[in-house]
Amino acid sequence: MNDPSSAPVPRLLDGIRGPADVKALAPGQLPQLASEIRAELIAVTAKNGGHIGPNLGVVELTIALHRVFSTPTDQFVFDVAHQGYVHKLLTGRGGEFFRKLRQTGGAGGFLARAESPHDSFGAGHAGTALSAALGMATARDLRGTDEHVVAICGDAAFTCGITLEALNNVVSSTKRLIVILNDNEWSIAKNVGAISRYLNRLSMSPTYNKLNHDVEEFFKSFPAGVEMNRVYHKWKRETKDFFMESVLFEKFGLRYLGPVDGHNFEALNRTLEFATHCDIPVLIHVLTKKGKGLEAAVNSPEKFHGASPYDPQTGASKQAAAGAPPNYQDVFGQALVRFAQADPTIVGITGAMPSGTGLSHLAAALPKQFFDVGIAEEHAVIFAGGLATKGIKPVCAIYSTFLQRSYDPIIHDIALQNLPVTFCLDRAGLSPNDGPTHHGLFDLTYLRCVPNATVMQPRHEDELVDMLHTSLQLGSPAFIRYPRGAGTGVKIKDQPALLPIGHAEVLREGSNIMLWALGPMVQDALKLAARLEAEEHLSVGVVNARFVKPLDRTLLLSHAACIPLLVTMEDHVVAGGFGSAVLEVLQEADCPVAVERIGWPDKFIEHGSSVDVLRAAHGLSPDNIYRRVLDRWRNLSTERVEADV
Ligand SMILES: Cc1ncc(C[n+]2csc(CCOP(=O)(O)OP(=O)(O)O)c2C)c(N)n1
């Protein structure tokens with residue numbers, strides 16, 4: 001006989017189909033819901049990886065938001081949107097869909113308008129929430145509707161130039177906007193800079209703690225259900241003296257409320273309710289604990305900001321297979337330390353990504369030669385330009401996708417003045433679990449049209465070190481792109497080689513087809529050539545292109561003169577990329593050779609379980625490429641026979 005008392009207790013979370021169910025819960029049930037959500041977040045991210053730390057910190061805040069506001073009529077704009085998992089669970093995206101978080105067919109790791117009507121604005125890059133929310137609030141005012149618009153920004157987002165530009169425009173655009181400043185003191189690493197120090201002082205300040213206490217007492221004195229507007233005006237009168245004139249946000253015209261304990265439902269509810277009645281823009285400073293509920297994440301906020309699959313008991317990462325080749329980022333970081341030790345004019349710059357870029361090696365070894373400027377990619381690049389004018393050799397390590405932010409500085413401040421800055425673009429290619437906001441698929445297109453730029457990609461980690469060494473001697477802007485994750489395991493030479501600029505490397509001769517490949521596609525090309533030879537008896541050569549700009553024109557034209565089919569292979573969009581550069585050279589030389597371009601199509605690539613899964617979905621698996629090249633070869637042979645007849 002089954003003992004009914006031993007049956008599993010149904011979870012509140014399983015009854016949440018949307019925000020209305022969150023509102024229907026009694027206040028006393030909220031702690032249970034919060035703890036069920038935390039357990040779900042941990043179970044799913046331990047298996048799939050993901051942004052566990054930020055999400056564990058906003059559980060109560062997100063529940064409170066959904067109890068006070070009503071999405072999708074009211075609109076939440078989450079900055080970066082990496083902390084949107086709780087919002088997903090409360091807006092009908094739980095169950096199997098959430099359990100496949102960041103996997104093919106499952107929930108995305110960020111918020112996206114295409115995924116749910118509750119996601120009012122997609123994101124993945126930092127600092128955009130306030131501008132977007134301001135646009136929505138202004139549109140609401142223009143259209144005469146009355147929904148609430150709430151921007152939810154982290155403390156690091158406030159170090160971002162765009163957020164400050166938006167702040168500067170709030171009062172000239174709208175009278176009603178709610179901004180939540182979710183302050184957990186951490187960016188990915190510890191937050192940096194003057195604004196972070198200011199926020200810290202604000203949350204520690206006895207005046208503010210007293211204010212918070214007094215405001216709480218003040219509100220307690222009102223009976224429930226009191227008309228909030230009247231309360232607000234009385235409160236404003238009576239608490240006027242508590243506000244310090246120096247409060248930054250007051251200067252921007254936002255009423256500062258806080259700090260509020262971001263894990264206290266009552267305090268959150270009271271403050272959010274209050275904000276709904278304000279007829280001026282308000283900023284609610286909410287203090288949260290990153291990683292709350294998972295000891296390992298509380299103890300190591302940086303590691304658990306965005307974790308690979310882990311053991312929830314120990315926090316140990318599950319991916320670190322013994323003897324695996326090192327990651328590109330670590331090879332880069334360690335090489336830079338070696339070079340910077342020998343040359344104290346070499347410095348490294350990151351925009352809030354010391355560990356992701358591998359610059360944490362430099363920070364540990366040579367802290368004076370390391371700069372974390374916060375989420376400020378434009379500033380990072382112009383700052384590097386300034387350093388370069390004084391004989392310093394800056395190395396800007398910025399993910400390919402985030403360098404998109406720096407495009408004008410690259411052209412206007414670096415290339416136009418031909419300043420010797422080295423750019424190291426990690427995550428060039430796919431970031432499969434993160435998806436379209438994080439794939440680095442556009443950099444060749446946007447860089448190769450920039451005068452004075454040298455643009456290159458190594459085929460393995462040893463060549464990355466050679467390219468870094470070469471770039472540091474170059475005396476002009478240099479861009480090195482390389483993929484996320486492990487290298488090939490090749491031995492790294494003791495002494496790096498100085499690479500001849502604009503020279504490709506022939507790895508295998510061939511007379512029927514020549515594969516011009518870039519970066520990690522060189523490995524694929526070598527395998528493809530071997531297979532075409534073994535199965536089709538074709539003579540297929542392979543070139544490691546190395547440089548996209550300047551391209552090895554001489555070698556290319558010599559191949560075009562005697563080899564019937566050239567194939568370009570790149571981990572990048574075909575539009576404007578490496579293959580396009582090849583076509584331009586051939587067209588300028590009036591060279592009528594057949595060219596097949598292999599690369600990513602002209603569309604945004606979704607998130608997926610792995611690089612292989614996404615490549616197969618877009619016709620780029622090794623088998624797909626094999627068939628495509630072979631078909632092209634066969635068609636070409638038929639055309640040539642017909643032409644001869
Ligand atoms: C333009 C840009 N640069 C860098 C990043 C990488 N990044 C993602 S989240 C994050 C830190 C965000 O910190 P914060 O805003 O305080 O939110 P928290 O994670 O602490 O909740 C960074 C640097 C990014 N997403 N976008």
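Which residues does I63 touch, not counting residues up to four places away in sequence? In this predicted model, the partners of I63 are V22, L30, L33, A34, I37, L90 and F265. I63 also belongs to the largest nonpolar core, a set of 64 residues. Within this core, I37, L41, I63 and I180 touch the most other members. Helix α2, spanning residues 30–48, gives the most to the core, with 8 residues. In soluble globular proteins, nonpolar side chains tend to be buried together. Another core lies apart from the largest one. This other core holds 51 residues, among them Y399, V421, V450 and A504.

Helix α4 runs from residue 59 to residue 68 and includes T62. The helix is mostly covered, with 10 of its 10 residues buried. The buried set includes charged-letter positions E60 and R67 as well as V59, L61 and I63. T62 has a relative accessibility of 0% and therefore counts as buried. Contacts of T62 are made with F78, V86, H87 and L90, leaving aside residues up to four places away in sequence. L90 is thus listed for T62, and L90 is also listed for I63.

Helices α2 and α4 meet directly. Their axes come within 10 Å and cross at roughly 125°. The two helices are therefore oblique to each other. Their crossing is right-handed. On the α2 side, the contact is made by L30, L33, A34, I37, R38 and L41. On the α4 side, V59, E60, I63 and R67 take part. An α-helix has 3.6 residues a turn, so residues three or four places apart point the same way. I37, L41 and I63 of this contact are also named among the core residues that touch the most other members.

An open sheet of 5 strands has the order β1-β2-β3-β5-β4, and its pairing is parallel. The edge strands are β1 (75–78) and β4 (255–261), each of which pairs on one side only. Neighbouring strands are turned by 20° against each other on average, direction ignored. Strand β4 is joined to β5 (residues 282–287) by 5 bridges, and the two run parallel. R255 has V282 in β5 as its bridge partner. Helix α7, residues 129–143, lies across β1, β2 (149–154) and β3 (178–183). The helix runs at about 170° to β2.

Another open sheet of 5 strands follows the order β12-β14-β13-β16-β17, with mixed pairing. β12 (505–508) and β17 (594–600) stand at its edges. Each has a single partner strand, so one side of each is left without a neighbour in the sheet. The average turn between neighbouring strands is 25°, direction ignored. β12 and β14 (residues 540–544) run antiparallel and are joined by 3 bridges. R508 stands opposite V542 in β14.

Two helices accompany this sheet. Helix α25, residues 553–562, packs on the sheet and touches β12, β13 (513–517), β14 and β16 (565–573). The direction of α25 makes about 155° with that of β13. Helix α26, residues 578–588, lies across β13, β16 and β17. Relative to β16, helix α26 runs at about 140°.

How values were computed: Residues are numbered from 1 along each chain as its sequence is written. This is a predicted model: local features need pLDDT of at least 70, side-chain atom pairs count only at pLDDT 80 or more; totals for chains, interfaces and linings use all residues. Side-chain values use heavy atoms; hydrogens and water are left out. Helices (H or I, at least four residues) and strands (E, at least two) are DSSP runs, numbered from the N terminus. Buried means under 20% relative accessible area, exposed over 50%, partly exposed in between (1.4 Å probe, protein chains only). Contact means heavy atoms within 4.5 Å. A nonpolar core is a set of buried Ala, Val, Leu, Ile, Met, Phe, Trp, Tyr and Cys residues joined through side-chain atoms within 4.5 Å. Two strands pair if DSSP finds at least two bridges between them. Axes are lines fitted to C-alpha atoms, for helices over the stretch in contact, and angles run from 0 to 180 degrees between N-to-C directions. Angles under 35 degrees count as roughly parallel, over 145 as roughly antiparallel, 65 to 115 as roughly perpendicular and the rest as oblique. A crossing is left-handed if the near helix is turned anticlockwise from the far one by less than a right angle, and right-handed if clockwise.
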